[in-house]
Amino acid sequence: MIETLFTQIVGSGVCWIILIVALVCYQQLFTMWMTQPTHEESSKDITPTLITVLPLLGLLGTIIGLIDSFVALQTGATGTALFSQGISDALLTTQLGLLFAIPAWTIHGMLVSRQNKHGFANGQ
């Protein structure tokens, strides 16, 4: 099971893109956690945009997986192996996109809240 999942992730270009974008997001969130960015720095922050892109990339992977499934049916592929592989890829990318985006949204919201409290406490 784990080996099959790993093979699916490694073989999917969309999964790689999701992993790279998530890595950038979480690196930026970690940096925000460790430092107190100024209001000017936080207004230039692209992290919310990158976090929003994660589920959209998952949706793109879903569409690609479904298209692959329907192409397999159209070409007359017999059996359910090709069809189910496309559906599996589709669901995997959706899961990865949401798996990385939901905690990132939560962490980012906490950091923004902390920054606002800190800014109000300092009279900014």
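These are brief notes on a predicted model, covering confidence, one helix and the nonpolar core.

1. Confidence. Start here before reading any detail. The mean pLDDT of the protein is 82. Of its residues, 85% reach 70 or more. Helix H2 (residues 13-34) has the highest confidence, at a mean of 90. Helix H3 (residues 39-43) has the lowest, at 64. Where pLDDT is low, predicted coordinates should not be read in detail.

2. Length of H4. Helix H4 covers residues 47-74, which is 28 residues. At 1.5 Å a residue, H4 should span 40 Å. The C-alpha atoms at its ends are 41 Å apart, so the expected span and the model agree.

3. The kink in H4. Look at Leu54. H4 has a kink of about 25 degrees there. The proline Pro55 comes shortly after. Both Leu54 and Pro55 are buried.

4. Burial along H4. Other residues of H4 are buried too, including Thr47, Leu50, Ile51 and Leu57. The buried set also includes the glycines Gly58, Gly61 and Gly65. Just after H4, Gly76 takes a positive phi of about 85 degrees.

5. The nonpolar core. The largest nonpolar core has 18 residues. Ile18, Val21, Cys25 and Leu54 have the most contacts inside this core. H2, H4 and helix H5 (81-121) each supply at least two of its residues. H2 gives the most, with eight.

6. Ile18 up close. Which residues does Ile18 contact, leaving aside its neighbours within four places in sequence? They are Leu54, Leu57, Gly58, Thr93, Leu96, Gly97 and Phe100. Leu54 thus appears again: the kink lies at this residue, and Ile18 touches it.

Technical notes:
Residues are numbered from 1 along each chain as its sequence is written. This is a predicted model: local features need pLDDT of at least 70, side-chain atom pairs count only at pLDDT 80 or more; totals for chains, interfaces and linings use all residues. Side-chain values use heavy atoms; hydrogens and water are left out. pLDDT is the predictor's confidence in each residue, from 0 to 100. Helices (H or I, at least four residues) and strands (E, at least two) are DSSP runs, numbered from the N terminus. The expected span of a helix is 1.5 Å times one less than its number of residues. The bend at a residue is the angle between axes fitted to the seven residues ending there and the seven starting there. Buried means under 20% relative accessible area, exposed over 50%, partly exposed in between (1.4 Å probe, protein chains only). A nonpolar core is a set of buried Ala, Val, Leu, Ile, Met, Phe, Trp, Tyr and Cys residues joined through side-chain atoms within 4.5 Å. Contact means heavy atoms within 4.5 Å.
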